[in-house]
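Q: Please take a close look at one part of this structure, the nonpolar core, and explain how the surrounding pieces relate to it.

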Amino acid sequence: MEYKHFSHPHNLNIFKVQQGQQFPCHGCQSLCQTDSNIYACWSCSFFLHEHCGNATRYLHHPSHSLHPLILIPSPTYCSGAFVCNACGNTGSSFGYCCALCEIDLHVNCALLPTKITHKSHQHDLKINFREADGQKGSPEFCKICSKAMGSKKNWSYCCVENGCDFRVHPGCGTTQVNLGWYQGMDPEDDKAPRTSETQTAPSPAPAKSDPVAELLDLQLQMQMAQQFAQLMSSFNPASLV
Ligand SMILES: [Zn+2]
Ligand SMILES: [Zn+2]
Ligand SMILES: [Zn+2]
Ligand SMILES: [Zn+2]
Ligand SMILES: [Zn+2]
Ligand SMILES: [Zn+2]
């Protein structure tokens, strides 16, 4: 069985990683785990985690409800890298972006669960996309790795209990990723049992003008325009002064 991925010109085969093999994922730049399935193009040494290869072209993410985030195979910035809004680290491969608002997320960061439990803390931790209230001023440190929490823009996992100031880096809280988390608008709805009405009622035809698709087009056009502008400015001697 062969697969096609928009970021690669050749067909990909699915492959199970064996003990001792090391394949860096082209999508997220981390290694593929033993016994996990990956997509591979052997002639190019191109590999993708299953979840990176299956990541949808756009995502409705609760951290940015204004616009859908679009999966870009490589950063469109001059530097060739983006700074992830979630973890504050740079990325130079796949990213979920909103070009209109200059939001960039690693695939793995975009797929972080909203709620986790961690063995080092007795309460549930909830993802926080903004600076926690009442924590301006004094620098704050991650309760797991003891390093500084990073810029205000970056995400964290915070304890859900009132008055408990347990706060950690997203990457310290969990390494879980799951494509399903943000793909439906409301995952809770999926659990609702289907009623018998669906048996007789014909399924409605998909709406022709999809506002999301239109926005997607608009953003892609903007990205293309940005790339073009960057290209032009790199040929402009005035930009070197
Ligand atoms: Zn990956
Ligand atoms: Zn290839
Ligand atoms: Zn990140
Ligand atoms: Zn936006
Ligand atoms: Zn940490
Ligand atoms: Zn707590």
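A: What follows goes through the core, then one residue in it, then the sheet around that residue, and then two residues in loops.

The model is predicted. Its largest nonpolar core has 34 residues. Those with the most contacts inside this core are Leu-69, Tyr-96, Leu-105, Val-107 and Ala-110. Several elements each supply at least two residues of the core: strand 3 (37–41), strand 4 (46–49), strand 5 (58–61), strand 6 (64–72), strand 9 (95–98), strand 10 (103–106) and helix 2 (107–110). The core also draws on two domains, with at least three residues from each of domain 1 (2–53) and domain 2 (58–110). A second core, separate from this one, has five residues, among them Leu-125, Met-149, Tyr-157 and Val-168.

Tyr-96 is a useful residue to follow. Setting aside neighbours within four places in sequence, Tyr-96 is in contact with Leu-59, Leu-69, Ile-70, Leu-71, Leu-105, Val-107 and Ala-110. One of these, Leu-105, is also the bridge partner of Tyr-96 in strand 10. Strand 9 and strand 10 run antiparallel and are joined by four bridges.

Those two strands belong to an open sheet of four strands, in the order 5-6-9-10, with antiparallel pairing. Strand 5 and strand 10 are the edge strands, and each pairs on one side only. From one strand to the next, the twist averages 30 degrees.

Two loop residues can be set beside this picture. Leu-31 lies in the loop between strand 2 (12–16) and strand 3. Leu-31 counts as partly exposed because it has 14 C-beta neighbours inside 10 Å, and a residue needs 20 or more to be buried. Beyond residues up to four places away in sequence, Leu-31 touches Gln-22, Phe-23 and Pro-24. Leu-31 and Gln-21 are 10 residues apart in sequence, and their C-alpha atoms are 9.7 Å apart in space.

Val-160 sits in the loop between strand 13 (156–159) and strand 14 (167–168). Val-160 counts as exposed because it has 12 C-beta neighbours inside 10 Å, and the cut-off for exposed is 12 or fewer. Leaving out neighbours within four places in sequence, Val-160 is in contact with His-123, Asp-124 and Lys-126. Val-160 and His-123 are 37 residues apart in sequence but 7.0 Å apart in space, C-alpha to C-alpha.

Notes. Residues are numbered from 1 along each chain as its sequence is written. Chains are lettered from A and ligands numbered from 1 in the order in which they are written. This is a predicted model: local features need pLDDT of at least 70, side-chain atom pairs count only at pLDDT 80 or more; totals for chains, interfaces and linings use all residues. A nonpolar core is a set of buried Ala, Val, Leu, Ile, Met, Phe, Trp, Tyr and Cys residues joined through C-beta atoms within 7 Å. Domain bounds come from an automatic or database domain assignment. Two residues are in contact if their C-beta atoms, placed from the backbone, lie within 7 Å. Two strands pair if DSSP finds at least two bridges between them. Axes are lines fitted to C-alpha atoms, for helices over the stretch in contact, and angles run from 0 to 180 degrees between N-to-C directions.
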